[in-house]
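This report describes selected features of a single structure. The sequence and the model are shown first, and the description follows.

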Amino acid sequence: MDRILAQCIKELAQFRRDRLGAALVFLLPLMTMLIFGFAIRLEIKDVPLAVRDFDNSPLSRAYIEQVFATNQFKPVAATTTDGIDLLDRGIAQAIVVIPPDFSRQLKKGKTNALQVLIDGTDVNNARVIQNSLRATTQFFLEKQGFQTQRPDVFAHTRIWFNPGRKESLFIVPGVYAVILFSYPGLIVAMAVVREKEQGTLVQVKASGISAWEFLLGKALAYVLIAIGEAVLLMGLGGLLFDLWPVANPWPLLVGTGLFLMVSVVYGLVVGVYSKQALVAVQSVMNTGLLMSTWLSGFIYPVENIPWPLSLVANVVAARYYIELTRDAFVVGVGWLRIGHVIPILFLLTIGMFMLSWWRIRQI
């Protein structure tokens, strides 16, 4: 234990003198959180929409007002008769064409079709636009009294956990996982590679310290640094996005400690298998950052990941930590919901530590 603590103190002293390492730990994660937290928006707004009103009646104008009253669309003036050129040039994402006999046919109780042209380049946005225009049209017809028959079953919908539909409640807890997996792993990997490049790793082994003592001492030091990074990150996230734990904080505390251990040990694995600092940086960015962003459920559900990438998602630690943070900051159920996360993070820590220990014995 004395040798482990001595190795930990040495690592902390080296880190204190390393200004680049301090910038990686504190400045880059904060910049990443600001960019991700404010830039990523999954709910589209201000969709450019052009309307061609060939009816030009009070009813058609009321319908147009209803469409733009949703605050999801912004008007774009059509430059031609049909407005198709707006879709071709990307100026508008949708065009609504109101036929000349729109109001007359409605008043007669006859079916009268509106034409809606949607840019399908982005499939998800196209689906959202389509559903929004359908719902708006249905509401307008009911409001004007053209559809008085009510369904036998009427659903009263209520959004649970996030009634205000704040996107930060979905994005920011995921950002915590991405940042706290990537940057602690990065600085640990660079520290191990630096030992190999400078030849100090041979001196450490000659001092009589065992491989597991060396790894544990280095891991302990960087776990302490990562804890400081997590506290700073979540504190700033609370101030900027009003995101605070909503229930028992113990699952978050225990899970964060384990997740930081996974991140640090992941950095050890990359470091002991890399021969150059550039290789270590690229390995962390191309594996840790990409997998924690795209294979963790950060933006898209894990269930939508196709096979065989879905198998890789099972060993992505950020996937389980995102479940934990979204429960801690949004849902608030606690151990009942995320009880499986702790043992999985523990197993990932042990597995990657054994990989690094087995490799460093061969160096």
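## A buried serine

Serine 292 has a relative accessible area of 1% and is therefore buried, the cut-off for that class being under 20%. The model is a predicted one. Within it, serine 292 is located in helix H11, which spans residues 277-294.

Neighbours within four places in sequence aside, the contacts of serine 292 are Val178, Phe181, Ser182, Thr287, Phe298, Val316 and Ala318.

## Nonpolar surface patch

Six side chains are listed below for one surface feature. Met1, Leu5, Leu220, Leu224, Ile227 and Val231 make a nonpolar patch of about 540 Å² on the surface. Helix H9, formed by residues 211-241, supplies 4 residues, the largest share of this patch.

Leucine 224, one of the patch residues, belongs to helix H9. With a relative accessible area of 45%, leucine 224 is partly exposed, because this value falls between the limit of under 20% for buried residues and that of over 50% for exposed ones. Serine 292, at 1%, is by contrast classed as buried.

## The largest pocket

The largest pocket holds about 750 Å³ of space. Its lining comprises 22 residues, of which Leu42, Glu43, Ile44, Arg165 and Glu167 are the closest to the pocket centre.

Helix H6, covering residues 123-144, contributes 4 residues to the lining of the largest pocket, and this is the largest share.

Definitions and conventions. Residues numbered from 1 in each chain as written. Predicted model: local features only at pLDDT ≥ 70, side-chain atom pairs only at ≥ 80, totals over all residues. Heavy atoms only, no water. Patch = residues over 30% accessible without salt bridge, like charges linked within 9 Å, V, L, I, M, F, W, Y side chains within 5 Å. Areas by Shrake-Rupley, 256 points an atom, 1.4 Å probe, with all protein chains shown as cover. Salt bridge = Lys/Arg side-chain N within 4 Å of Asp/Glu carboxyl O. Helix = DSSP H or I, 4+ residues; strand = E, 2+ residues; numbered from the N terminus. Buried < 20%, exposed > 50% of the residue type's maximum accessible area, 1.4 Å probe, protein only. Contact = heavy atoms within 4.5 Å. 1 Å grid on protein atoms, 1.4 Å probe; cavity = no way out; pocket = protein on both sides within 12 Å on 5 of 7 lines; lining within 4 Å. Points joined across faces, edges and corners; volume = space filled by probe spheres on them.
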